[in-house]
Amino acid sequence: MISQDDLVALVRNYNPRSDEALIRQAWEYGARMHEGQFRHSGEPYFTHPVAVAALLTEMQLDDATIITALLHDTIEDTKSTFSEVARLFGEEIAELVDGVTKLTNLQLSSSEAKQAENIRKLLIAMSRDLRVILVKLADRLHNMRTIRSMRPEKQAQKARETMDIYAPLAGRMGMQWMREELEDLSFRVLNPEARNSILRRFITLQREAGDVVHRISADIRAELDRAGIEADVYGRAKKPYSIWRKMQEKDLAFSRLSDIYGFRIITDTSENCYRVLGAVHARWRAVPGRFKDYISQPKSNGYRSIHTTVSGRDGKRVEIQIRTREMHEVAEAGVAAHWAYRDGQRSENPFAVDPAKWINTLTEGFDSDDDYDAFLEHVKLEMYSDQVFCFSPKGDVIQLPRGATPLDFAYAIHTRIGDSCVSAKVDGLRVPLWTRLRNGQSVEIITAEGQRPQSSWIDIVVTGRAKSAIRRALRDEDRERFSRLGNELLRLAFEAAGRDLSPKALTTAAKLLNIPDAGELRARVGAAEISARRVVAALYPEIGLSQPEVDASRPVAGLEADQSFRRAPCCQPLPGERIIGITYRGKGVVAHCMDCDALADFEDQPERWIDLRWLDGSHPAVYGVTLDLTISNDAGVLGRVCSLIGEHKANISDLRFIDRKPDFYRLSLEVNLQGISHLHQVLTALEAETAVAQVARSQDSSLRP
Ligand code: MN
């Protein structure tokens, strides 16, 4: 382990103005907290945070990141707390340590390829400050470097996770060296045979071809000298995993130089980059389709470079990257370049991206031709700030828009799960279905057979998928309900007309009424789009529409011979009730119930009052009365209500839904009745029905004549 002084010196090296005292304090605090803890290797635990901090000094990161590295396991593994870290080291560092702790606590049980992309997004989304990711990556890198002391199963699991999630994440952050090393360390655990075979052939090749790197580098250098360009040339063998992946991807044999060695030419200005390119292409033939100019078109993580592949006289291909020194720094450090220091200053690399902006530009996508990012080619990157990522009990990551609820989650898994959802547990606790989900929560949906989507759900969900599934289910359910109800209404209407309701009659009626089929006809009658009586009338014109409605006789006494009569729509008086007539110009006499509020308007116009009374005896006609009905929203209730009314020899002539709540329906029902005692019979019967919550004769003052 390096010493405290070593670490301070490493930081001072690039940042002479660093807060040495605070770094030393963090060291002392971390060492004290982890006292008595040991790693699998047997070393004191604190060697690990120190190694992570040292790794981050290689990226020349700021004091806050280095101190976070020293403290990154304290909140998780020791008696230290957030508030203590905040008190000792400030809010910024406490937040960073807390961020690393949250990532550590994520149960990444599923690392299937299809989930990996979502998990990477989750990690970025959870880390409001990307320095959290930098510390987490360095943490993982050190753990992978020392993985040998772990149990074999644990090694395999960590290696898989690193390969699927952390290595690509490092690549995404623009830190290619970190990505390559993480991949190779994982490769060593996951497929040692493949790695060894590549290493063996590597050695064989080197023996046969000699020092290829040295020879090609010298060739390039000579060419640049001739052109009078100041530049450094570096050659290196690629990591075994990079070679292996390329062989897998392209089904290539292990022979092509360009797949094994890579060359880099680093110069001072971008103009010189193009001069270098000119010199290289003048000397060697460019391989078509392998040229990329990321200087004129940088990647969103700030990466700039010219890529080209040329082939020499022997036909062997050589891959070359050309960039300036500043571009190179960004290419190595990626997003981390933003926090890097040089000579005590935030290094002002013009190519470093602002991480906040970088996250927001991730929509751009990556170039599928690029070797490093080939695996990303069909990954559509989204703006993580608008997303939340939650876990299913199986460990799948479900991506949802911000504001999503457990219901959205349920529908995202499967429409069936959404439709039958009754409640949800988030992180093990029951929550209301309208709870907004947060990143990293695990969500368990509780379903029940027979549960149906509720209309109130529409306002709870935010995803289009859930909304349309709920609408569809409600529509289907309404149709079913309306169809049952329509059948009941039709049965009653046919019965009243003394005819049989046969399927054949319905099919014929549907045809006559231009309705696609009998099922649709039932649904429309149930939805009150067409009255059952019209259906009867369509089939049996001789019965006709007119029969029950005509009020030919004058059922009241007290009218002059030329006075017409009608019932006030506001109070709908029935035979047997005390009534008062009011004359309206051009409208004749309108009968109101004795207690109708409308009469108050005429108190000072006694000349308009007419004393009316219903004729005694039974009335051949029927009179419509509107009932306000609240019934529970259970299967069959509407049908039962309709049969009940029918059993009391009353017809329903209209039906409207006023309000549909998940539990209750409020509806307005127009019933044809003979008189007030008939109404009382019907009301008594309805009140006795348990599914009827409320029933009342409606008094609608807006309908006053
Ligand atoms: Mn750690």
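This report walks through a metal site, a charged surface patch and two residues with unusual backbone angles. The structure is a predicted model, so please read it in that light.

**The manganese site**

Let's start with the metal. Four residues coordinate the manganese ion: His48 and His72, each through NE2, and Asp73 and Asp139, each through OD, at 2.2 to 2.4 Å. Along the sequence, these donors follow the spacing H-x23-H-D-x65-D. His72 sits in the loop between helix H4 (63–71) and helix H5 (74–77), while Asp139 belongs to helix H9 (residues 131–145), so this pair ties together parts that are 67 residues apart in sequence. Both His72 and Asp139 are buried.

**A negative patch on the surface**

If you turn to the surface, you will find a patch of negative charge formed by Asp225, Glu230, Asp268 and Glu271. One of its members, Asp268, is located in the loop between strand E2 (261–267) and helix H15 (270–283).

**Two residues with positive phi**

Most residues other than glycine have a negative phi. Asp427 has a positive phi although it is not a glycine, and Gln572 also departs from that pattern with a positive phi. The table sets out their angles, loops and accessibility.

| Residue | Phi | Loop between | Relative accessibility |
|---|---|---|---|
| Asp427 | about 50° | strand E11 (421–426) and strand E12 (429–431) | 47% |
| Gln572 | about 45° | strand E15 (565–567) and strand E16 (579–584) | 10% |

Asp427 counts as partly exposed because its relative accessibility is 47%, between the 20% and 50% limits. Gln572 is buried because its value of 10% is under 20%.

Note on methods
Residues are numbered from 1 along each chain as its sequence is written. This is a predicted model: local features need pLDDT of at least 70, side-chain atom pairs count only at pLDDT 80 or more; totals for chains, interfaces and linings use all residues. Side-chain values use heavy atoms; hydrogens and water are left out. Donors are N, O and S atoms within 2.8 Å of the metal (3.2 Å for Na, K and Ca); water is not among the atoms, so sites may look incomplete. Helices (H or I, at least four residues) and strands (E, at least two) are DSSP runs, numbered from the N terminus. Buried means under 20% relative accessible area, exposed over 50%, partly exposed in between (1.4 Å probe, protein chains only). Patches are made of residues with over 30% relative accessible area and no salt bridge: like charges are joined within 9 Å, nonpolar side chains (Val, Leu, Ile, Met, Phe, Trp, Tyr) within 5 Å. Accessible areas come from the Shrake-Rupley method with a 1.4 Å probe; for residues, only the protein chains shown count as cover. A salt bridge is a side-chain nitrogen of Lys or Arg within 4 Å of a carboxyl oxygen of Asp or Glu. Lys and Arg count as positive and Asp and Glu as negative; His and the chain ends are not counted. The place of a charge is taken as NZ of Lys, CZ of Arg, CG of Asp or CD of Glu.
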